[in-house]
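The exercises below are meant to be worked through with the structure in view. Please try each task before reading its solution.

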Amino acid sequence: MFVQEEKIFAGKVLKIHICTMDGTEWLEEVTEDTTVEKLKEKCLKHYVHGSLEDPKTLTHHKLIHAATERVLTDTKTVADENLKDKDVLLLIKKRPPPTPPKMAEVSAEEKKKQENKAPDKDAILKATANLSTRHTDRTVTQHNIRDFQTELRKILVSLIEVAQKLLALNPDAVELFKKANAMLDEDEEDRVDETALQQLTEMGFPESRAIKALRLNHMSVTQAMEWLIEHVDDPTIDSPLPGQDSSGAAGATAAATPGPSASASDESIRQDELTEIFKRIRRKREFRPDSRAVIALMEMGFDEKEVIDALRVNNNQQDAACEWLLGDRKPSPEDLDKGIDTNSPLFQAILENPVVQLGLTNPKTLLAFEDMLENPLNSTQWMNDPETGPVMLQISRIFQTLNRT
């Protein structure tokens, strides 16, 4: 029987898992003596479903070992790169290097940047002075929505103060908030999409990095994978996000629960302990600006601090933040921390509602208020919660009723 010589001396056959940026996945069978360039050619032929007409296609792509996050060298073999059976490789198109600008082009580019700088309010008003006014109903609607969000925020600020005072009167307050703090940690963990996390970890990314990437990219696997690859050499890639590096710290602070003694000294210790827990809970709910919106607005010429203020005021909505930066900047970031007039009919009606009164004695309601204060987009989650939903529904109904009258 005739056997080809190359088959006799072929190395061990490996099954390699290939992934692309658009989510396509398949298995490639290669021998240990196959070069990375040959493997890449096989992958591209499979990916484009045919022959490679343009020879540059090979040089314009690269293979990355997902587990070690390193780019494979074309001239080396599978064995040289220490690839194992069922390893995961990413097929990615290389970014073309930027063409170095000429000196004349550099000066022209600088001049163009100055000319394209974001206009201020006076320049916009001057340029649009002769335009007719349109879509006035839409403007009024947006204004009313913004007023509602501002008023709701003031209500939450004042209700947080009331809830803290009520819960502090409970003799089991410290224990309640130790449980609440643990519930907060559990809540943070629940927000990670388990399926998305599994996809990234199966590609070889460390779990902690995958969780961070998913949270920064709204649980998008593709965007998270891009972020992980782009930041592989970033020394801060393993640094925790703000508010996530003190997990369990509040529990440690509240480890010593005061005894049943009703002395003034014990009461003072209990109040200090509660104050510290409140501070830690607030730090876990710090506002996190959308990184993509920050970059986009800064590219328009705005200062980073102004951009973060704008996103905080406008619930991380980039278009609304841009309008705020170009407008009168109302409400100001300082206004967000002011509560509602406690003598107003609206606030009195809210406090007199039995559902709200009962809800204010529940630590979870306080956590919900704190969360919505810094992350208004999470309000839907709390509206659907069986414990906090009825409280939020009553507040909304009372506001709408008094607002109409």
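**Exercise 1.** Determine how β1 and β5 run relative to each other and how many bridges join them.

*Solution.* Strands β1 and β5 run parallel and are joined by 4 bridges, where two strands count as paired if DSSP finds at least two bridges between them. The elements themselves are DSSP runs, numbered from the N terminus, with helices (H or I) of at least four residues and strands (E) of at least two. As an example of the register, H17 stands opposite V88 in β5.

Before going on, note that this is a predicted model, in which local features need pLDDT of at least 70 and side-chain atom pairs count only at pLDDT 80 or more, while totals for chains, interfaces and linings use all residues. Residues are numbered from 1 along each chain as its sequence is written, and side-chain values use heavy atoms, with hydrogens and water left out.

**Exercise 2.** Place β1 and β5 in their sheet, and find which strands stand at its edges.

*Solution.* The sheet is open, has 5 strands with mixed pairing, and follows the order β2-β1-β5-β3-β4. Its edges are formed by β2 (25–31) and β4, each of which has a single partner strand, so that one side of each is left without a neighbour in the sheet. Next, take the pairs one by one: β1 (residues 13–20) and β2 pair in the antiparallel sense over 7 bridges, and the bridge partner of L14 is V30 in β2. These two strands form a hairpin with 4 residues between them, and G23 in the turn has a positive phi of about 95°. On the other side of the order, β3 and β5 (residues 88–93) run antiparallel and are joined by 5 bridges, with K62 opposite I92 in β5. Finally, 5 of the 6 residues of β5 are buried, so this strand is largely enclosed by the rest of the structure; buried means under 20% relative accessible area, exposed over 50%, and partly exposed in between, with a 1.4 Å probe and protein chains only.

**Exercise 3.** Find where E69 and R329 lie, and state whether each is buried or partly exposed.

*Solution.* Start with E69, which is found in the loop between β3 (61–65) and β4 (70–71) and has a positive phi of about 60° although it is not a glycine. With a relative accessible area of 18%, E69 is buried. R329 is likewise not a glycine and has a positive phi, near 55°; it is found in the loop between α15 (318–326) and α16 (345–351). At 27% relative accessibility, R329 counts as partly exposed.

**Exercise 4.** Check the span of α20 against the expected value.

*Solution.* The expected span is 1.5 Å times one less than the number of residues. For the 16 residues of α20 (residues 389–404) this should give 22 Å, and the end C-alpha atoms are 23 Å apart, which agrees. The buried residues of α20 include V391, Q394, I395 and I398. An α-helix has 3.6 residues a turn, so residues three or four places apart point the same way.

**Exercise 5.** Count the disulfides in the whole structure.

*Solution.* Taking a disulfide as a pair of cysteine sulfur atoms within 2.5 Å, the search of the whole structure finds 0. As for individual cysteines, C19 is buried at 4% relative accessible area, and C322 is buried at 16%.
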